[in-house]
Amino acid sequence: MENDNLEKMFKRLGGSFDIEEPAPGHEARFLEKMNAAQGVVQMYPKKINWWKPLSIAASVLVLCTIGLGIYTGEATTEEKVAEISPEVSKTEFYFANLIEQQVRELESKSSPETEKIIADTMTQLKKLETNYGQLEEDLLNGGNSKFILSAMITNFQTRIDLLQDVLDQIETIQTLKDYNDENITI
């Protein structure tokens, strides 16, 4: 019977229910009026919380800075040289792979007898690489390109010859070590 009364009431009130949400800040205004009516005084005014919008803005700024840095980054020396002379880039790739292969072979043959010669060779290679970097800078600064390109190729050939000579010396050292005959003198 009570259910019948409730159903009649809902049918009679149907469509007149308040389904609207209160305006933003309604709760704060309500509590303020209630506190004022009861005589409650708030000592500290309510602070606006700025950390969320500021952290979002900072994140967006960091992402934009990184994005601009990636897309507008200055070209490396190798890229600039490749723009001037694409053949140099191809030649450099070929020679660099060859040199890297010989360096790995040299390091694989390291032993107490060959340690000093390998260390000296690596020092000489570093000097030649530094000289090559200077040649790249000279080429970018508009020097005599034919002369500089020739010097760059000579630098690579010098490194390859140095590595080949050292590998031959190490081979000789290992052969003499393996051949333990007292009649052979070095």
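**Exercise 1. Place Glu136 in the fold, and decide whether it is buried or exposed.**

Step 1. Glu136 sits in helix α6. Helices here are DSSP runs of H or I with at least four residues, strands are runs of E with at least two, and both are numbered from the N terminus.

Step 2. The relative accessible area of Glu136 is 4%, so Glu136 is buried. The cut-offs are under 20% for buried, over 50% for exposed and partly exposed in between, with a 1.4 Å probe and protein chains only.

Step 3. Glu136 and Met152 are 16 residues apart in sequence, and their C-alpha atoms are 7.9 Å apart in space.

A note on the model: it is predicted, local features need pLDDT of at least 70, side-chain atom pairs count only at pLDDT 80 or more, and totals for chains, interfaces and linings use all residues. Residues are numbered from 1 along each chain as its sequence is written, and side-chain values use heavy atoms, leaving out hydrogens and water.

**Exercise 2. Work out how α6 and α7 are arranged to each other.**

Step 1. Take α6 (residues 115-140) and α7 (residues 145-178): they pack at an angle of about 170 degrees, with axes 10 Å apart. Axes are lines fitted to C-alpha atoms, for helices over the stretch in contact, and angles run from 0 to 180 degrees between N-to-C directions.

Step 2. Therefore α6 and α7 are roughly antiparallel to each other. That label needs an angle over 145 degrees; under 35 is roughly parallel, 65 to 115 roughly perpendicular, and the rest oblique.

Step 3. Sort the residues of this contact: 16 are nonpolar, 7 polar and 4 charged. Asp, Glu, Lys and Arg count as charged; Ala, Val, Leu, Ile, Met, Phe, Trp, Tyr, Cys and Pro as nonpolar; the others, Gly among them, as polar.

**Exercise 3. Find the residues that Asn155 is in contact with.**

Step 1. Asn155 belongs to helix α7.

Step 2. Its relative accessible area is 6%, so Asn155 is buried.

Step 3. Set aside neighbours within four places in sequence. Asn155 is then in contact (heavy atoms within 4.5 Å) with Leu128, Asn131, Tyr132 and Leu135.

**Exercise 4. Describe the chain as a whole.**

Step 1. Count the elements: 7 helices and 0 strands.

Step 2. Buried residues make up 17% of the 186 residues.

Step 3. Take the contacts with a separation of 6 or more. Residues 24 or more positions apart account for 70% of them.
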